[in-house]
Amino acid sequence: MAYDFPDIKKTVSEAREKGVAREINFEQSFDTAVNFRTKEIDMSDPENRFNEELILPNDLYPPSKVAAFGDGEFAENAKAAGVSRVISKDEIAEIGEDKSKQKAVVKEFDFFIAARDAMPLVGRYLGQLLGPRGKMPKPYPPEADLGGVVQQYQRTVRIRMRNTPTFHVKVGHERMNDEQIAENTDAVIDFVRDKGLARRIDSVYVKTTMGPAIEVPR
């Protein structure tokens, strides 16, 4: 049975109302949880372990932090596009030789991009940390216009499902309206549908950071 958009929007509204009712002293995010029927998803099958990026219809808040690896023209273009940090090729080696710096960089940034000629260094010094987290950068030529790339990451989430048949993903923030958050949640459900797994969904929930989980009816 499909999920109807009006029901998703109504669930978002209820999650907001009950989340705010707890008088939390910070602005909360909205998450969507998708749970599959345990007996119908074989988690030993690698195809059922998601680790993919999904572009949502609406920008998230706060903006994702994007870092760029590279020098010269690529670095200038990355700065102009609004990345949070440019890491030069010399810095890649420096970071790669310090485990605490490696972990800090990988944890701080949500997404990475890289100049093509920086990729061998990224793979050599940071690949073991970035790869398993699905954060290996996408390579671009020096002259690439990176504005659209960085903008797209502001509405991109990573969906990961590893050992259990469920995943949680951020779909919004208190500063976004119910329509926008519902559209993002609907996109997550579409992602599952495109995987051919819609019939195996057990339940879908929406919740604020500290609020109760509200199930989307169907």
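1. Helices here are DSSP runs of at least four residues, numbered from the N terminus. By that count Ala 75 sits in helix H2, residues 72-81. Keep in mind throughout that this is a predicted model. Ala 75 has a relative accessible area of 8%, so it goes down as buried. Setting aside neighbours within four places in sequence, Ala 75 touches Gly 70 and Val 86. It's also a handy marker for distance: Ala 75 and Thr 38 are 37 residues apart in sequence, yet 46 Å separates their C-alpha atoms.

2. Now the overall picture. The protein chain has seven helices and 10 strands, and its C-alpha trace spans about 55 × 40 × 30 Å along the principal axes. Of its 218 residues, 44% are buried. If you look at contacts between residues at least 6 apart in sequence, 76% of them join residues at least 24 apart.

3. A word on the surface and the charges. The chain's accessible surface is about 11,500 Å², and carbon and sulfur atoms account for 46% of that. The side chains include 33 positive and 36 negative ones, with the centres of the two sets 5 Å apart.

4. Which residues form a positive surface patch? Lys 99, Lys 103, Arg 133 and Arg 162 do. Taking one of these, Arg 162 is in the loop between strand E7 (156-160) and strand E8 (166-173). Its relative accessibility is 51%, so Arg 162 counts as exposed; the cut-off for that label is over 50%.

5. Helix H7 (residues 178-194) is worth a stop, and Asn 184 is a good place to begin, since that is the helix it belongs to. Is Asn 184 buried or exposed? Its relative accessibility is 0%, so it is buried. Beyond neighbours within four places in sequence, Asn 184 has contacts with Leu 56, Pro 57, Asn 58, Leu 60, Val 171 and Met 176.

6. The structure has 14 salt bridges. One of them pairs Lys 9 with Glu 179, where the closest N and O atoms are 2.7 Å apart. Lys 9 belongs to helix H1 (residues 5-20) and Glu 179 to helix H7, so this pair ties together parts 170 residues apart in sequence. Both ends are partly exposed: Lys 9 has a relative accessible area of 33%, and Glu 179 has 32%.

7. Another salt bridge runs between Glu 108 and Lys 65, with 3.0 Å between the closest N and O atoms. Glu 108 is in helix H4 (residues 99-108), while Lys 65 is in the loop between strand E2 (51-55) and strand E3 (66-69), so the link ties together parts 43 residues apart in sequence. Glu 108 is partly exposed at 39% relative accessibility, and Lys 65 is partly exposed too, with a relative accessible area of 32%.

8. Back in helix H7, the side chains of Arg 193 and Asp 190 meet in a salt bridge at 2.1 Å, N to O. What separates these two along the helix? They are three residues apart in helix H7, so the separation is about one helical turn. Arg 193 is partly exposed, with a relative accessible area of 36%, and Asp 190 is partly exposed at 29% relative accessibility. Elsewhere, salt bridges with shared partners join Glu 53, Lys 138 and Arg 158 into one network.

How values were computed: Residues numbered from 1 in each chain as written. Predicted model: local features only at pLDDT ≥ 70, side-chain atom pairs only at ≥ 80, totals over all residues. Heavy atoms only, no water. Buried < 20%, exposed > 50% of the residue type's maximum accessible area, 1.4 Å probe, protein only. Contact = heavy atoms within 4.5 Å. Areas by Shrake-Rupley, 256 points an atom, 1.4 Å probe, with all protein chains shown as cover. Lys, Arg positive; Asp, Glu negative; His and termini not counted. Charge placed at Lys NZ, Arg CZ, Asp CG, Glu CD. Patch = residues over 30% accessible without salt bridge, like charges linked within 9 Å, V, L, I, M, F, W, Y side chains within 5 Å. Salt bridge = Lys/Arg side-chain N within 4 Å of Asp/Glu carboxyl O.
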